[in-house]
Amino acid sequence: MSDDVDLVIVEDANGVAAAVAERLAQAARAGGHIALTGGTTPEQAYKEAAEREPDWSKTEVWWSDERCVPPDDDLSNYALAKRTLLDRLEHYPRAVHRIKGELGKERAAADYELELGETLFDLELLGLGTDGHVASLFPNAPTLQLSRRALPAEPGLEPFVDRVTLSIPALNSARAVLFAVSGAEKAEAARRAFASKPSPDTPASLVRSRGGTTTAILDRAAAAKLGA
């Protein structure tokens with residue numbers, strides 16, 4: 001077992017969403033910078049987070065990665081969060097820093113890098129791909145070796161559209177890293193990410209908060225190969 005990740009194992013995907021929603025609500029009450037992600041489990045968590053804490057006025061919201069599509073496209077991580085979280089709030093965040101993927105990966109990455117500056121996330125929510133990818137950092141991709149905070153990225157799996165992603169150093173600068181993982185199809189990736197040696201074969205294994213906490217909330221199916 002990895003000793004640098006706190007594992008929280010719950011019964012099912014609904015339990016993961018509820019636990020993540022509570023962490024998001026707590027972060028919203030505390031205020032600060034929160035980085036969001038895409039995916040099915042976060043979608044449910046966002047809805048619940050808006051119910052648990054409808055006032056996000058003390059926060060600024062960012063994203064760990066984005067697809068190079070318009071902001072209202074079904075593939076957009078921003079569109080997902082807007083529909084399931086932001087539009088349900090009574091009090092909007094004081095700033096919403098979306099990645100402008102419609103500009104193309106090179107310009108969007110450069111613009112986001114400038115906007116990020118030296119910002120540190122108080123909470124950074126991440127998913128885990130079945131191949132072990134995190135954000136839009138795919139296994140053995142050249143982007144794993146780069147230190148700029150925001151990077152243009154090639155797609156590693158469907159949907160095959162260009163991406164913009166935070167780099168490993170940028171992800172690791174967050175004060176609290178929170179992985180949300182559910183489903184039996186993620187079990188092998190979870191083993192490699194949280195219970196094996198760090199490897200570029202599994203980019204998520206390289207993501208650990210340098211100065212804070214790293215937590216993975218998994219359901220029993222996703223945790224099946226962790227020995228926990």
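Modeller: Welcome! A salt bridge is a side-chain nitrogen of Lys or Arg within 4 Å of a carboxyl oxygen of Asp or Glu. Keep in mind that this is a predicted model.

Colleague: Thanks! Which residues are linked with Arg29 in a network of salt bridges?

Modeller: Arg29 can pair with a carboxyl oxygen of Asp or Glu. One such partner is Glu53, with the closest N and O atoms 3.0 Å apart. The network joins Arg29 with Glu22, Glu48, Arg52 and Glu53.

Colleague: How many residues apart are Arg29 and Glu53?

Modeller: Arg29 sits in helix H1, which covers residues 13-30. Glu53 belongs to the loop between helix H2 (40-52) and strand E3 (59-63). The pair therefore links distant parts of the chain, and the separation is 24 residues.

Colleague: Is Glu53 buried or exposed?

Modeller: Buried means under 20% relative accessible area. Its partner Arg29, at 35%, counts as partly exposed. Glu53 has a relative accessible area of 13%, so this residue is buried.

Colleague: Which parts does the salt bridge between Arg83 and Glu43 tie together?

Modeller: The closest N and O atoms of Arg83 and Glu43 are 3.6 Å apart. These two residues are 40 residues apart in sequence. Arg83 lies in one helix and Glu43 in another, so the parts tied together are helix H3 (residues 77-84) and helix H2.

Colleague: And is Glu43 buried or partly exposed?

Modeller: Buried would need a value under 20%. Arg83 has 45% relative accessibility and counts as partly exposed. Glu43 has a relative accessible area of 24%, so Glu43 is partly exposed.

Colleague: Where in the chain is Lys105, which forms a salt bridge with Asp162?

Modeller: The closest N and O atoms of this pair are 3.9 Å apart. Asp162 is in the loop between strand E7 (150-153) and strand E8 (163-166). Lys105 is 57 residues away, in helix H4 (residues 105-116).

Colleague: Which relative accessible area does Lys105 have, and is Lys105 buried or exposed?

Modeller: The cut-off for buried is under 20%. Asp162, at 30% relative accessibility, counts as partly exposed. Lys105 is buried, because its relative accessible area is 16%.

Colleague: Let's turn to the nonpolar core. Which element gives the most to the largest one?

Modeller: The largest nonpolar core has 65 residues. Leu24, Phe179 and Phe194 touch the most other members. With seven residues, the element that gives the most is H1.

Colleague: Finally, how many salt bridges are found in the whole structure?

Modeller: The pairs discussed here include Arg29 with Glu53 and Arg83 with Glu43. A search of the whole structure gives a total of 17.

Notes. Residues numbered from 1 in each chain as written. Predicted model: local features only at pLDDT ≥ 70, side-chain atom pairs only at ≥ 80, totals over all residues. Heavy atoms only, no water. Helix = DSSP H or I, 4+ residues; strand = E, 2+ residues; numbered from the N terminus. Buried < 20%, exposed > 50% of the residue type's maximum accessible area, 1.4 Å probe, protein only. Core = buried A, V, L, I, M, F, W, Y, C linked by side-chain atoms within 4.5 Å.
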